[in-house]
Amino acid sequence: MAMFARDLSVARYRSFDSYRLALSDGVTVLAGPNAAGKTNLIEALQLLTSGASFRHSSAVELVHDGTGLCKAELRLEGDGRVLDMGLCVEDGKRSFSRNGKRCAASGVRGVLPSVLFCPDHLDMVKRGASVRRAALDDFGVQLSARYADLASAYGRCVTQRNALLKEKWCCREMLGAWNESIARAGSALLVHRLALLDRLDAHVRNAYGLVASGEEADVAYASTLGELPQTDDREELRGWAYEHMLAALDERADEEIRRGVTLVGPHRDEIEFSVAGRSARSFASQGQQRTLVLAWKVAEVAVARDILGTAPLLLLDDVMSELDGDRRAAFLQLIGDDIQTVITTTNLGYFTDELLDRAKVVSMGEAC
């Protein structure tokens, strides 16, 4: 049975003194002018389902007028369960709760994962590799506690090793113990990344082909360790990555000490998009790059459903104004009717009468 977000309520959150939003099981459209608070509600929904915000906001920024206490609560229902997810900011500190019991951000993840699409994401293909790595890892963290643990452990290893590399007294001998730790964590994370990307790739290719009239696209992983072995055996791949990462760290140790940074590992890897066999970052048009991002988001929805057995909450923040008519229509058709979706817009003219007839339209501010 599917899980649904039923009611969102906020108090002294962002631009709202108090607001309650009842969500449709299907499509909810938040319509209104800029600065009406639509994106603030999208952010609250993301925080309460993923434990993170696409704005990377500080706790203080979430509080109305920047002072006092703010709260946000989201009720989830389905599969015979009722769950209340909460967020509280007090004294500049953010805390989460689940059914009234305080928990870490990980405590609100995984029950109803969310897939967010906002205008900033449309540049994902042409921006730096860190953006694409973050897109993959942020998605993986919502789907698997193991993935979250591995990403966190590897991040700590890189941070601590980089701190050592910046010390004037750092030498090759001191890096030995750190090399083992970072290779162990990095090889495990690499295996999980590749497995998730393999799931996404098939859906990206299918969705892109449907929108782009059969044109072929692909997603590939480029490792700093070199060409990856072609094997479905995870243990074999992990062992290969561990040994090759140890060797690469040893080989580049002098350069890393000189530059004060770790140069080998998943934190330096690349996720490459291609169209018709050519690098999308270098050769694809803006329209092709945007279609790739649309396909990636559709793939996230499909993979979340495959892994968890339920569709995620799809959050679309003002993306319709950034897409041409054909891509808007194709994207909405790919989403389907069985995905709970919240869309913000300044212009209801972007949507078909058929979609508006079956959607719940919430007017925020002046009419569109």
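This is a short chat about the two largest pockets in a predicted model.

User: What volume does the largest pocket have?
Analyst: In this predicted model, the largest pocket has a volume of about 730 Å³.

User: How many residues line it, and which lie nearest the centre?
Analyst: The lining of the largest pocket is made up of 27 residues, and those nearest its centre are Phe 54, His 56, His 121, Ala 134 and Asp 138.

User: Which helices and strands supply at least two residues each of that lining?
Analyst: At least two lining residues come from each of the helices α1 (38–50), α2 (129–143) and α8 (286–308), and the strand β8 (114–117) also supplies at least two. Of the contributors to the largest pocket, α2 gives the most, with eight residues.

User: And how does the lining of the largest pocket divide into nonpolar, polar and charged?
Analyst: For the largest pocket, twelve of the lining residues are nonpolar, seven are polar and eight are charged.

User: Switching over, how much space lies in the second largest pocket?
Analyst: The second largest pocket holds about 550 Å³ of space, and its lining consists of 19 residues, with Leu 194, Ala 195, Asp 198, Thr 231 and Leu 237 lying nearest the centre.

User: Where does the largest share of that lining come from?
Analyst: The largest share comes from α4, which provides six residues; α4 (172–211), β9 (217–222) and α5 (234–251) each supply at least two.

User: What classes of residue does the lining of the second largest pocket have?
Analyst: In the second largest pocket, ten lining residues are nonpolar, two are polar and seven are charged.

Note on methods: Residues are numbered from 1 along each chain as its sequence is written. This is a predicted model: local features need pLDDT of at least 70, side-chain atom pairs count only at pLDDT 80 or more; totals for chains, interfaces and linings use all residues. Side-chain values use heavy atoms; hydrogens and water are left out. On a 1 Å grid over the protein atoms alone, a cavity is a set of points where a 1.4 Å probe fits but cannot get out, and a pocket is an open set with protein on both sides within 12 Å along at least five of seven lines; lining residues have an atom within 4 Å of a point. Grid points are joined across faces, edges and corners, and a volume is the space filled by probe spheres set on the points. Helices (H or I, at least four residues) and strands (E, at least two) are DSSP runs, numbered from the N terminus. Ala, Val, Leu, Ile, Met, Phe, Trp, Tyr, Cys and Pro count as nonpolar, Asp, Glu, Lys and Arg as charged, and the others, Gly among them, as polar.
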